[in-house]
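Dear colleague,

I am handing over the structure below, and my notes on it follow. Please read them alongside the model and tell me where you would look further.

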Amino acid sequence: MNNAQGWLELIIYTVVLWAVTKPLGLWVTAVLDPNGKTFLDPAVRPLERLTYRIFGIRPEKEQGWLSYAFSILMFSAVTMLFTYALLRLQAALPLNPQKLPAVADHLAFNTAASFTTNTNWQSYAGESTMSYLSQMLALALHNFLSAAVGIAVAAAIVRGIARHTVATVGNFWVDLVRIHYYLLIPICVVYALFLVSQGMVQNFKPYDTAKVIEPQKVQVQKKDDAGNPVKDAQGNPVMEEQTVDSQTIVEGPMASQIAIKMLGTNGGGYTNANAAHPFENPTPLSNFVQMLSIFAIPSALTYYLGRATRNQRHGWTVWAAMTIMFLAGVLVCWWAEAAGNPLLNGLGIDPAGGNMEGKEVRFGIFDSALFATITTDASCGAVNAMHDSFTPLGGLVPMVNIQLGELIFGGVGAGLYDMLVFIVLAVFIAGLMVGRTPEYLGKKIEAYDVKMATFAILLMAFSMLGFSAYACVTPWGQAGLNNNGPHGLSEILYAYSSCTGNNGSAFAGLTAAPANGDPHYDITLGLATLIGRFGMIIPALALAGSLGRKKLIPAGPGTFPVTGPLFVVLVIGTIVLVGALTFFPALSLAPILEHFLMHSGKLF
Amino acid sequence: MSTFFRELRISIVATVIFALLCSGVYPVVIWGLSQILFPRLANGSLVEGNDLTIVGSDLIAQGFSGAKYFHPRPSDAGTGYDATNSGASNLGPTSQKLIDTVKQNVADYRRENGLADNVPVPADAVTASASGLDPHISPENARLQAARVARERHLSPDAVNAAIQRATDRPLFGFLGGQPGVNVLRLNLALDGMTEHPQTTRKRNPSTDYVDYTDLKASGS
């Protein structure tokens, strides 16, 4: 792909995203209004009412923020336990044609926490660990539930902003049901069929075995009868030649899972290679649509923000701030990956090809860089290229995107409430600068609100950096590394940033579930996902409750405008400033240092 | 306490209902529709040889090392092209191991294809893909291998180039979402004279070839 085509695709992508924002935003607005009307009503409304009856709730009865948060916590705890139990019992449960064994306890905890929190960090390879039942029931279920919880929280906080002198923020169970019935499931049905039309598998048959055209001789480690590697006198593993004459082809209910994986910004792969796997992302067109589906709902939620607060220009201003940061990330990542690795180019590789290690031919440099930026701007974490093998600055972009809080469109719902937390902080800083009481959309921002915003932001940084520091100085932390030198630090830093940010992508060389069964990575990463999820949701809901109770003050001449370029600059400035102050020291020891070492030819 | 148990009850009921819908009805509906609408694609785009045995999947790279075949990209999936172990090298840009591996790959590629030391090697030919199962090579990579394959098979270069053209997958408008790639398995099968389009050659009905639930029962689960 030449430069012009890259620019053209970037323009097309941004324009299409802009074009879906309003219609999908209007749809989301109707879904998040318990009395909202959609064309699906005749079919779905009776089912919705029936569900409320089975739940035993009165849909018109709203909850205060504390009650709303309690429902979320209870629901998350129950579903997390459900997944943990399924994984532990996998061997005894049906739909397991490959006869895969039970998942180990720490891995089951890590996976249950990771999927409950919309992170989808995977310490395992899907195709060789999870049965069809585990994929569908234990994992794909959370792809729906965690996405819906995220959108529900965003709705609660938007209601808090839009209302005044009201103590409630909505009914969690109503939001949960409506988001599933009117938004996620209908879109996924269409989307999954599209993915199958591109070549993604959707079946329940066992894996197929192919008799390969040309059997290949490969060198494998010799093993003794007990299955331990045989070593020679020097302690080097003994290799033996084997002939590979067959290939086992992965099958299963993939398309139904991948649709919600992308639409719900989950990102958990069906296979180890995730969206780089030819079944999980078969064509350039499936790649383009997958990238679009990551940003679709988060983008629509900015329209919902404008609509609900009766200030559509504010919604578009937030959208513009996100788009500017998105484009900046893409351009840096694209440039770095296209420039390639000078050390490899020096070996006689055509430099025009860029850095192709860990990338797929059908996507190429530009679409790998674009995907990497999108998946980390949002809290998706699906990958169509291996971030571990990106150039230092190309890999810096996804890492920084996550550390800034994944608020560039962000996860479904999560992106908006993360952004709103930063907006509160930005408005507060602007207030300090001009010496007025800060206001946001007619609400006074007071000490309690700023404390909640600051608490959430500090907790994220503490989890990302604190756990990284812990892993760096322990033997188990270093044992998991696939690369030495600054790149090793990048692997650790990326892992804890990704889990805390509920992203789930990885510098995947890191072995979080080692063969010796060391549980440290699984447990600390699992804890990071829980801290990152609920450490943000609870303060965000507290903020929603606090804003909703406040009186509305009419805008005056001294009111700071929350629309237009000045506000865009202020918000981006606040985000970049907080991010830079927090993470620059760690980043300068990892990817930035590595960039200079790469150019001076230092190898590890 | 009553709130606690009330929320607990709703949570459990909700888990059951959403599990039935999202993990039961939804995947089965998609399964049914895709088996009707896209039976070949939904079952792995499998390719069959003349004797109706499966020889691979259109979408999954297979190892080829003989001189008469086009070679796929290097693979780090298991011992190479292991479709149950998709994966990459995950080596970083300053890794000694990466540099050593690529250096070796460059030397091998030039030797196999009779290229001079100053001919730049296409990046995809000597670097491992992300999945280890990348079914494509770049058109440049195919062009550089074409002379060797034509010689080994006593074919005219034009015939081989025409086969490359036919095996090239192109994105919408030529660029949307990715870039063109040459499907190595399809290309090699075409060269072997083994038509790989089961729609036209297969004797069995694709929608009944792999009856899913009976297969599951047969495997004892």
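Leaving aside its neighbours within four places in sequence, which residues is Val177(A) in contact with? With contact taken as heavy atoms within 4.5 Å, they are Glu48(A), Thr51(A), Tyr52(A) and Phe55(A), together with Phe18(B) from chain B.

Before going on, I should say that this is a predicted model, in which local features need pLDDT of at least 70 and side-chain atom pairs count only at pLDDT 80 or more, while totals for chains, interfaces and linings use all residues. Residues are numbered from 1 along each chain as its sequence is written, chains are lettered from A and ligands numbered from 1 in the order in which they are written, and side-chain values use heavy atoms, with hydrogens and water left out.

Val177(A) lies in helix H7 (residues 172-197) of chain A, where helices (H or I, at least four residues) and strands (E, at least two) are DSSP runs numbered from the N terminus. Val177(A) is buried, with a relative accessible area of 0%; here buried means under 20% relative accessible area, exposed over 50%, and partly exposed in between, with a 1.4 Å probe and protein chains only.

Phe18(B) appears again in the largest nonpolar core, which has 190 residues and in which Leu184(A), Phe326(A), Tyr440(A) and Phe18(B) have the most contacts. Such a core is a set of buried Ala, Val, Leu, Ile, Met, Phe, Trp, Tyr and Cys residues joined through side-chain atoms within 4.5 Å. Helix H6 (residues 132-162) of chain A gives this core its largest share, 20 residues. Apart from it lies another core, of 21 residues, including Tyr69(B), Val160(B), Leu185(B) and Leu191(B).

Not counting residues up to four places away in sequence, Phe326(A) touches ten residues that I list in full: Leu10(A), Tyr13(A), Thr14(A), Phe295(A), Leu370(A), Thr373(A), Ile374(A), Asp377(A), Ile408(A) and Phe409(A). Tyr440(A), for its part, is among the contacts of Leu420(A), which also include Ile157(A), Val158(A), Ile161(A) and Leu305(A). Leu420(A) is placed in helix H14 (residues 414-434) of chain A and, at 2% relative accessibility, counts as buried.

Gln257(A), in helix H8 (residues 254-263) of chain A, is likewise buried, with a relative accessible area of 2%, and among the residues that Gln257(A) touches are Gln135(A), Met136(A), Leu139(A) and Asn143(A).

As for the cysteines, the structure holds zero disulfides over all chains, a disulfide being a pair of cysteine sulfur atoms within 2.5 Å. The cysteine sulfur nearest to that of Cys380(A) belongs to Cys188(A), 12 Å away. Cys499(A) is not bonded either, because its sulfur is 14 Å from the closest cysteine sulfur, in Cys380(A), too far for a bond. Cys380(A) is buried at 0% relative accessible area, and Cys499(A) is buried at 0% too.

Chain B comes to 10 helices and five strands, and buried residues make up 55% of its 221 residues. Its helix H1 (residues 2-37) has 36 residues that should span 52 Å, at 1.5 Å a residue, and the end C-alpha atoms are 50 Å apart, which agrees; the expected span is 1.5 Å times one less than the number of residues. H1(B) nevertheless bends by about 25° at Val25(B), with Pro27(B) following within four residues, the bend being the angle between axes fitted to the seven residues ending there and the seven starting there.

With best regards
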